[in-house]
Amino acid sequence: MPTPRGRAAAAQHGGRRGGSRARSRRTALTIALTALALPVAGIAVDGLTGSAPGPAFVVAAVVAAILGAVTCSRAGAWWVAYAPPLVVAPITAVAEGLTGGAVGGHGKGLATSAVHWSVDAFPAMAAAEAALLAVLAARWIRSRRSTRRNGV
């Protein structure tokens, strides 16, 4: 006997259609927000210790990048690969602006401040990008090996 589809299946399961799809979207949103919150938390910790941006920011950015690389879909890997600079740079700029490194702070102009932000952000950006690419490469190699084992 065939299983019910569409509205009949939804009625049979309490009126919910696409429940697993909605749940996976919530999970993806939670992971994305966590990946964005980790670098913010890292730079806040560094700010409290007086070394913003420092080692806590670098570690938090790396963990966030790994989290994104591990949980992204195969198609989403192209989007995630470009994320570290787009996440780290604005967080660094805002943190520097809040701690006195902004335009007008310490007599600096916008260009000088932008150079300072980019120099401060580079270690976290580079480490996060390297970790992310390593995880994506490992996932790609593993998928190639499993495809060969299955004879495809």
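This is a conversation about helix packing and pockets in a predicted model.

Trainee: Why is α3 called roughly parallel to α6?

Mentor: Start with the angle: α3 and α6 pack at about 25°, and their axes are 8 Å apart. Angles under 35 degrees count as roughly parallel, so α3 is roughly parallel to α6. The crossing of these two helices, α3 and α6, is right-handed.

Trainee: Which residues in α3 and α6 meet?

Mentor: On the α3 side they include F57, V58, A61, V62 and A65, and on the α6 side P123, A124, A127, A128 and R139 are among them.

Trainee: What makes up the contact of α3 with α6, by class?

Mentor: That contact has 16 nonpolar residues, one polar and one charged. Arg counts as charged, and R139 of α6 is one of the residues that meet α3.

Trainee: Now the other pair. How do you know that α5 and α6 are roughly antiparallel?

Mentor: Again, look at the angle. The axes of α5 and α6 cross at roughly 150° and come within 9 Å. Angles over 145 degrees count as roughly antiparallel, and therefore α5 and α6 get that description. Their crossing is right-handed.

Trainee: Which residues of α5 and α6 make the contact?

Mentor: From α5 they are P84, P85, V88, A89, T92, A93 and E96, while α6 brings H116, W117, D120, A121, A124, M125, A128, E129 and L132. By class, the contact of α5 with α6 has 11 nonpolar, two polar and three charged residues. Asp and Glu count as charged, and the contact includes E96 of α5 together with D120 and E129 of α6.

Trainee: On to the pockets. What volume does the largest pocket have, and which residues are the closest to its centre?

Mentor: The largest pocket has a volume of about 460 Å³. A32, A35, G68, V80 and A83 are the closest to its centre, out of 23 lining residues. Two or more lining residues come from each of α2, α3, α5 and α6, with α2 giving the largest share, eight residues.

Trainee: How many charged residues does the lining of the largest pocket have?

Mentor: None: the lining of the largest pocket has 17 nonpolar and six polar residues, and no charged ones.

Trainee: What makes two residues of the second largest pocket's lining charged?

Mentor: The lining includes R74 and R139, and Arg counts as charged. The rest of the lining of the second largest pocket divides into six nonpolar and two polar residues. This pocket has a volume of about 300 Å³, and α6 supplies the largest share of its lining, five residues.

Note on methods:
Residues are numbered from 1 along each chain as its sequence is written. This is a predicted model: local features need pLDDT of at least 70, side-chain atom pairs count only at pLDDT 80 or more; totals for chains, interfaces and linings use all residues. Side-chain values use heavy atoms; hydrogens and water are left out. On a 1 Å grid over the protein atoms alone, a cavity is a set of points where a 1.4 Å probe fits but cannot get out, and a pocket is an open set with protein on both sides within 12 Å along at least five of seven lines; lining residues have an atom within 4 Å of a point. Grid points are joined across faces, edges and corners, and a volume is the space filled by probe spheres set on the points. Helices (H or I, at least four residues) and strands (E, at least two) are DSSP runs, numbered from the N terminus. Axes are lines fitted to C-alpha atoms, for helices over the stretch in contact, and angles run from 0 to 180 degrees between N-to-C directions. Angles under 35 degrees count as roughly parallel, over 145 as roughly antiparallel, 65 to 115 as roughly perpendicular and the rest as oblique. A crossing is left-handed if the near helix is turned anticlockwise from the far one by less than a right angle, and right-handed if clockwise. Contact means heavy atoms within 4.5 Å.
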